[in-house]
Amino acid sequence: MILILSSFVASSPVGGGMQARVLARMGFEPVLVPTVLYGRHPGLGAPGGGAVAPAVFASLLEGIAANGVLETAQAVLCGYFADPAQVAIAAETVDAARAASPGVTIVVDPIMGDAAGGLYVREAVAAALATELVPRADLVCPNAFELERLSGQGIDDVRSAMQAARSLKRPVLASSVPVGADIGVLFADPAEAWLASHQRAGEDRKGAGDLLTALFVGHRLAGARARQALAEAVGEVAGAPVRVDPL
């Protein structure tokens, strides 16, 4: 079982809703507690729907806790949040999950923005992610823009991305890393580091980061080593040949 705290977008393959489908396909039982309920991706125009009120979000989590989910979850995957109060509630849930199941894996995809559009959550949400959830994570999954904000370091190549990732003092899966004319995904923890690189896509694929995180986490929970999980996840997202090199 994997508990997902993120967005539900009805007609776009993004966010927690898409991750739940992917993880179910991989053999896991996803439990999605939505932070927003949208009709479509906001990048396409007015999305419809809106944010889930923090009180409702907390009440949903109380219900799933009463149903024993925290005791049986292999992982908690934290993604998109619309309100800093939601982030605080998620942090409390992470602590409760650790207490109920000490072996649970906490994954934080600190969704804040990207290089093309800049910050697309409120500053208060970005700050809450950095102070409340990232320090609780067993794995942090930022894109290069988000890693720059979290680390306070500029990223323009693999070396600078590695330095920024190491500064977080926890395992990092960093996407959108510049690799010359190509692009890559970096995995780094205290024991090893790998770079999966491939040609840049011709278009900006909404939800690619959500998909990458779900696939990597799913493969790792299924027993794959970091290099294998990275190759499998990036290869499926890119739909193209992927080169994986040690760093």
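Let's start with a yardstick: a residue is buried under 20% relative accessible area, exposed over 50%, and partly exposed in between (1.4 Å probe, protein chains only).

This is a predicted model, in which local features need pLDDT of at least 70 and side-chain atom pairs count only at pLDDT 80 or more, while totals for chains, interfaces and linings use all residues. Residues are numbered from 1 along each chain as its sequence is written, and side-chain values use heavy atoms, with hydrogens and water left out.

**Exercise 1. A salt bridge and its two ends**

Task: Find the salt bridge between D245 and R243, and classify each partner by accessibility.

Solution:
- Step 1. Apply the rule: a salt bridge is a side-chain nitrogen of Lys or Arg within 4 Å of a carboxyl oxygen of Asp or Glu.
- Step 2. Check the distance: the N to O separation for D245 and R243 is 2.8 Å, and their side chains meet in a salt bridge.
- Step 3. Classify the ends: D245 has a relative accessible area of 22% and is therefore partly exposed, whereas R243, with 55%, is exposed.
- Step 4. Look for shared partners: D95, E132 and R136 are joined into one network by salt bridges that share partners.

**Exercise 2. Salt bridges across the chain**

Task: Work out which parts of the chain the R25 and E236 pair links, then do likewise for R122 and D83.

Solution:
- Step 1. Recall the principle: side chains of opposite charge can pair when their charged atoms come close.
- Step 2. Count: the rule gives 7 salt bridges.
- Step 3. Take R25 and E236, whose side chains form a salt bridge at 2.7 Å, N to O. R25 belongs to helix α1 (residues 15-25) and E236 to helix α9 (residues 226-238), so that the pair links distant parts of the chain, 211 residues apart. Helices here are DSSP runs (H or I, at least four residues), as are strands (E, at least two), numbered from the N terminus.
- Step 4. Add accessibility: R25 is exposed at 53%, while E236 is partly exposed at 39%.
- Step 5. Turn to R122 and D83, where the closest N and O atoms of the salt bridge are 3.5 Å apart. R122 sits in the loop between β7 (118-119) and α5 (123-133), and D83 in the loop between β4 (75-78) and α4, 39 residues apart.
- Step 6. Classify them: both R122, at 49%, and D83, at 22%, are partly exposed.

**Exercise 3. The nonpolar cores**

Task: Which residues have the most contacts inside the largest nonpolar core, and which helix gives the most to this core?

Solution:
- Step 1. Define the object: a nonpolar core is a set of buried Ala, Val, Leu, Ile, Met, Phe, Trp, Tyr and Cys residues joined through side-chain atoms within 4.5 Å.
- Step 2. Read off the largest one: it has 58 residues, and those with the most contacts inside it are L5, V76, F81 and L133.
- Step 3. Assign the helix: α4 (residues 84-100) gives the most to this core, with 6 residues.
- Step 4. Zoom in on F81. Contact means heavy atoms within 4.5 Å. Setting aside residues up to four places away in sequence, F81 touches residues including L5, F57, V87, A90, V125 and L133.
- Step 5. Note the other core: apart from the largest core lies another, of 31 residues, among them A75, V217, A226 and L230.

**Exercise 4. Helix packing**

Task: Describe how α4 packs against α5, and how α1 packs against α8.

Solution:
- Step 1. Choose the descriptors: two packed helices are described by the angle between their axes and the distance between the axes. The axes are lines fitted to C-alpha atoms, for helices over the stretch in contact, with angles from 0 to 180 degrees between N-to-C directions.
- Step 2. For α4 and α5, the angle is about 15° and the axes are 8 Å apart. That makes α4 roughly parallel to α5; the cut-offs are under 35 degrees for roughly parallel, over 145 for roughly antiparallel, 65 to 115 for roughly perpendicular, and oblique for the rest.
- Step 3. Name the contacts: α4 residues including V87, A90 and V94 meet α5 residues including V125, A128 and L129.
- Step 4. For α1 and helix α8 (residues 208-221), the angle is about 30° with the axes 9 Å apart. These two helices are therefore also roughly parallel to each other.
- Step 5. Name this contact too: among its residues are M18, V22 and R25 of α1 and L211, A214 and G218 of α8.
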